[in-house]
Structures are given as C-alpha cells and as structure tokens.
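Colleague: I'd like a close look at one part of this model, the place where the ligand sits. Please start there, then work outwards.

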Amino acid sequence: MSVRHACVIGHPVTHSRSPAIHKYWLAEHGIAGDYGREDVAPSSIAAFLARFADSGYVGANVTVPHKEAAFAAAEADAVSRELGAVNTLWLEDRLLLGTNTDVHGFLANLDERQPHWGERTRSAVVLGAGGAARAILYGLLERGVKRIALINRTQARANALATHFGSGVRPAGFGELNAAIADADLMINATSLGMEGAPPLAVDIAALKPGAVVYDIVYAPLETALLKGARARGHPVVDGLGMLLHQAAPAFERFFGVRPRVTSALRQHVLADMGAQR
Ligand code: ATR
C-alpha cells in the first residue's frame, strides 16, 4: 500500500501545530503516512490548489490566510458554504472536496470541558467578528443558544455577521460589554487579543454573571489573562488548545481513514512541541 501524505497549507506556516498532532496520531495508529507543511504565498494559492490532484497529497489542512481561497477552489459542503471558508481539503477520484471542522472543534472542546453548558446557556457574549467568530456563532445557534451579543472593535464587521445570522445575534461595541456580560451564561474570546505577540485583551469581567463559563480560543499561552482572571473569580474556564485538537480529528479521518481520539496524552505532546518551538 502506498504511503499517504497530507500537509497544512498556510502563510506563514512554521508555527502550525498540525504536523505534531497528525504525526502523533499516525504513530499511535501505526499508519505508514506522513504530514508536512506547505508555505504558499497568497499570489500562488489558486494555482497550487488547481494542481492539488497532482501534488502527491491525499489532503490538507488549510490555515490563515488561505481558508477563503480553499473554499473557492473546492467542492464545498454545507457547513463550509455557511462559513465561506474551508479548513480541510481532500481528494476523491481527483476531485478536490472541502469542509470546515472549526465548528466541530469549537463545540467538541466545550462539550468535553463543560459537559452541561448547553442546559445552562440561554445567553452568550462573543468577542470578535472574524472567521473564528463566524464558526462559533454557527455552532452556538446550531445548539439552540437563543441570544448572542456580538462585540467587536470594527462595528461594520459585527453588523455584517449579525445580519447574516439573524435576530438571535445582536451586534455591539466594547462600550456595551458590561451590560452584555451581566446577562451571559457563556463568554467567548474569538479575537486574537491575548495571544503571544498580540496586544492583551483588556476587558474587566467584574460584571460577568456568577457561574458563567469563560472560553478563550487563544491557546498560546494556554492560560490567558482572561482565563486567569475568570478562574480567580470562580468561573469555569475552557482554553483554546482543545479546539485545535478536536478540529484536527475529522480531518485526520478523511486523510488516513481512522477516527483518532483527543486524549490528555496528545494535549501534553502538543504542549511540549509548543514549548520546544519557543
Ligand atoms: P480569525 O479568522 O482568526 O477570526 P480575523 O478575521 O483577523 O481572524 O479576526 C480577528 C478578530 O480579532 C477581529 O474581530 C478583530 O477585530 P476587528 O474586526 O475590529 O479587526 C479582532 N482584533 C484583532 N486585533 C484587535 C485589536 N488590537 N483590538 C480589538 N480587536 C482586535
């Protein structure tokens, strides 16, 4: 049997954790496969994807800034059409197919870390209005969250997303944060703020409803200032590493034919890999 190769496509792509995750699962399942990185400049991505069937790869994960280009190049399924973005590509009879596993990653991580969140969550606050926020809104609405306040620096982006998702999503600015979080059962940071190398997320959560879950999609550092502050106030917290791990599982299954498990040993492996890169 031939060795199956997959990769992550991005620009830059050096810091992607996807090779560590997929290689761990390849070893765990004794699969003769490999997983690499492809740094493709924005000017070359359309041509790269047009030739993908001849690349030798069986599939690819797609990261920033190429998820929209992947959507344009692939036969996209329903969830990726809703998001306008593809993060997983694979070939079937030389046809390039695409899906988006970010919604699954977001929800599976929340289900794992806070199994009863759904029963308790009527109202949520989402910070950010980029691609990640879009996947999160889709997931929350799919699970029946009725009221979502969408807070973003650039009001036009929040307005556009709220229009797309309908009356359950209310756009707001950071000035309205206190009023929004006083009523929220779940607060999610879907901005890049608080990530290593980015500015901090400077929000005061003193007004947050007692017992509300705080979820930060940032995973480097693993415990962001937001999560540290929330934990100190007694809020249940969810970090972003599990979202990364869970979004990779359905992709691995497409590439290599086995559905892998997200375990604490995998978490430790990826954390060690992140430490080694610093
Ligand atoms: P992704 O696809 O990962 O969500 P993105 O589309 O670049 O990335 O979105 C990044 C999010 O972080 C946006 O909500 C962005 O706010 P704007 O829409 O106003 O740009 C938010 N963000 C990034 N840097 C920020 C900053 N310094 N202050 C406030 N919000 C910021």
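How do the residues of the shell around the ligand divide into nonpolar, polar and charged?

Modeller: Keep in mind that this is a predicted model. The shell around the ligand holds three nonpolar, seven polar and two charged residues. Now put names to them. One run in the shell is Gly128, Ala129, Gly130, Gly131 and Ala132. Next come Asn152, Arg153 and Thr154, with Arg157 a little further along the sequence. Thr191, Ser192 and Leu193 complete the list.

Now look at the polar contacts. Start with Thr154: a polar atom of its side chain lies 2.5 Å from an oxygen atom of the ligand. Arg153 also uses its side chain, where an N or O atom is 2.8 Å from a ligand oxygen. Ala129 works through its backbone instead: a polar backbone atom there is 2.9 Å from an oxygen atom of the ligand. How much of the ligand is covered by the protein? On its own, the ligand has 640 Å² of accessible area, and the protein covers 69% of that.

Next, step from the shell to the helices. Gly131 and Ala132 belong to the shell, and helix α7 spans residues 131–142. Helix α7 packs against α5 at an angle of about 60°, and their axes are 8 Å apart. Angles from 65 to 115 degrees would count as roughly perpendicular, and those under 35 as roughly parallel. This angle is in neither range, so α5 is oblique to α7. Their crossing is right-handed.

Follow α5 onwards. This helix, residues 102–113, also packs against α11. Here the angle is about 125°, with the axes 7 Å apart. Only angles over 145 degrees count as roughly antiparallel, so α5 is oblique to α11. Again, α5 passes α11 in a right-handed crossing.

Helix α11 (residues 241–256) has another partner, α1 (residues 18–28). These two meet at about 55°, with their axes 10 Å apart. That angle makes α1 oblique to α11. The crossing of α1 and α11 is right-handed too.

Finish with the loops. Most peptide bonds are trans, and most residues other than glycine have a negative phi. Where does this model depart from that? Begin with the loop between β1 (4–10) and α1, where Pro12 lies. The peptide bond from His11 to Pro12 is cis, and its omega is near 0°. A cis bond also joins Val64 and Pro65, with omega about 5°. Pro65 sits in the loop between β3 (59–62) and α3 (67–73). Asp93 is not a glycine, yet its phi is positive, at about 50°. You will find Asp93 in the loop between β5 (88–92) and β6 (95–99).

How values were computed: Residues numbered from 1 in each chain as written. Predicted model: local features only at pLDDT ≥ 70, side-chain atom pairs only at ≥ 80, totals over all residues. Heavy atoms only, no water. Near = heavy atom within 4 Å. Polar contact = N/O pair within 3.5 Å; in protein donor to acceptor, adjacent residues only side chain to side chain. Areas by Shrake-Rupley, 256 points an atom, 1.4 Å probe, with all protein chains shown as cover. Nonpolar A, V, L, I, M, F, W, Y, C, P; charged D, E, K, R; others polar. Axes fitted to C-alpha atoms, helices over the stretch in contact; angles between N-to-C directions. Helix = DSSP H or I, 4+ residues; strand = E, 2+ residues; numbered from the N terminus. Left-handed = near helix turned anticlockwise from the far one by under 90°.
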